[in-house]
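User: I have a structure here and would like to know how its labels are earned. Could you take me through them, with the cut-offs?

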Amino acid sequence: MPNHRLISITKYFFSAIALVSLSLFTGCNSVNLDSTVPTLNSRYHDQDPALSGDGKLVAFVSNRDGPKRIYVYSIERQSLINLPGLNFGEAIAESPSLSYTGRYIIYISSIQGRPDLILYDRATGKSELLTRGYRNWIRNPHISPDGRYIVFETSRRGQWDLEVLDRGPFVELDLPDGIPIPSS
């Protein structure tokens, strides 16, 4: 009789574990992981999210197509935005930052292990290398909401310092609709 009681208790124990595991699996399965539909989340490493100032776009890093690349997701349309020219070949991208409407995207791109600052303009579809000839390590760039200023960390003095890059008074600012353009 004691063996029958032990078998019964063990049976209930494993049934309870299976029920808890099933409920945890179901609770975590709310994200669409269908690899044929490009979505915000995938089965790969999706990281470094950055939100545009108007809250409509999310830029992030993912290795879903091979090397780490920058992706931009529209919250309103609930889909990825195709941005030709945003990423460079096999370069590893990281640390994206968006201006107010997401017109400008700044990020780090590492070709052969050397990090560079890249500015992408969604309006023109062109990328610009901002740190050509820059010999120091850089990380964690952020762009101002209007797109004029970029701040990042640099190892120029042998320690991590902050540096601000002013793109100049003639840059086309990324301002919300209805905001007057400041005179320079």
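Analyst: Happy to; we will set the values against the definitions, one label at a time. This is a predicted model, where local features need pLDDT of at least 70, side-chain atom pairs count only at pLDDT 80 or more, and totals for chains, interfaces and linings use all residues. Residues are numbered from 1 along each chain as its sequence is written, and side-chain values use heavy atoms, with hydrogens and water left out.

User: How do you know which residues of the chain to read with care?

Analyst: The guide is pLDDT, the predictor's confidence in each residue, from 0 to 100. The chain averages 85, and 78% of the residues score at least 70. Over residues 22-35, however, the pLDDT is below 50. Beyond near neighbours in sequence, that stretch has seven contacts in the model, a contact being heavy atoms within 4.5 Å. Where pLDDT is low, the predicted coordinates should not be read in detail.

User: What makes E76 and K56 a salt bridge?

Analyst: The term asks for a side-chain nitrogen of Lys or Arg within 4 Å of a carboxyl oxygen of Asp or Glu. In E76 and K56 the closest N and O atoms are 3.9 Å apart, so the pair meets the definition. E76 sits in the loop between strand 3 (69-74) and strand 4 (79-81), and K56 in the loop between strand 1 (46-51) and strand 2 (57-62), 20 residues apart. Strands here are DSSP runs (E, at least two residues), numbered from the N terminus.

User: Why is E76 called exposed and K56 partly exposed?

Analyst: Buried means under 20% relative accessible area, exposed over 50%, and partly exposed in between (1.4 Å probe, protein chains only). E76 has 60%, so E76 is exposed. K56 has 38%, so K56 counts as partly exposed.

User: What about E153 and R139: how far apart are N and O there?

Analyst: Their side chains meet in a salt bridge at 2.7 Å, N to O. E153 is in strand 10 (residues 149-154) and R139 in strand 9 (residues 138-143), 14 residues apart. E153, at 17%, is buried, while R139, at 34%, is partly exposed.

User: Where does the pair D161 and R157 fall, buried or exposed?

Analyst: One of each: D161 is buried at 18%, and R157 is exposed at 61%. This salt bridge also spans 2.7 Å, N to O. Elsewhere, R103, D121 and E172 are joined into one network by salt bridges that share partners. The whole structure holds eight salt bridges.

User: What makes a group of residues a nonpolar core?

Analyst: The label means a set of buried Ala, Val, Leu, Ile, Met, Phe, Trp, Tyr and Cys residues joined through side-chain atoms within 4.5 Å. The largest one has 14 residues, and I70, V72, L83, L86, I105 and Y107 have the most contacts inside it. Strand 2, strand 3, strand 5 (92-98), strand 6 (104-111) and strand 7 (114-121) each supply at least two residues. Strand 2 gives the most, with three. A second, separate core of eleven residues includes I106, I108, L119 and F152. In soluble globular proteins, nonpolar side chains tend to be buried together.

User: Why is the pair F60 and Y71 called stacked?

Analyst: Rings of Phe, Tyr and Trp (its six-membered ring) pair if their centres lie within 6.5 Å; planes under 30 degrees apart count as stacked, over 60 as edge-to-face and the rest as tilted. For F60 and Y71 the centres are 5.7 Å apart and the planes at 25 degrees, so the pair is stacked. F60 lies in strand 2 and Y71 in strand 3, so parts eleven residues apart in sequence are tied together. Both F60 and Y71 are buried.

User: And what makes Y134 and F152 edge-to-face?

Analyst: Their centres are 6.2 Å apart and their planes at 75 degrees, so edge-to-face is the right label. Y134 is buried at 18%, and F152 is buried at 4%. The structure has two aromatic pairs.

User: How do you know that R114 lies over the face of W137?

Analyst: A charge sits over a ring if NZ of Lys or CZ of Arg is within 6 Å of the ring centre and within 35 degrees of the ring normal. R114 is at 4.9 Å from the ring centre of W137 and lies over its face. R167 likewise lies over the face of Y104, at 4.5 Å from the ring centre.

Terms used. Helix = DSSP H or I, 4+ residues; strand = E, 2+ residues; numbered from the N terminus.
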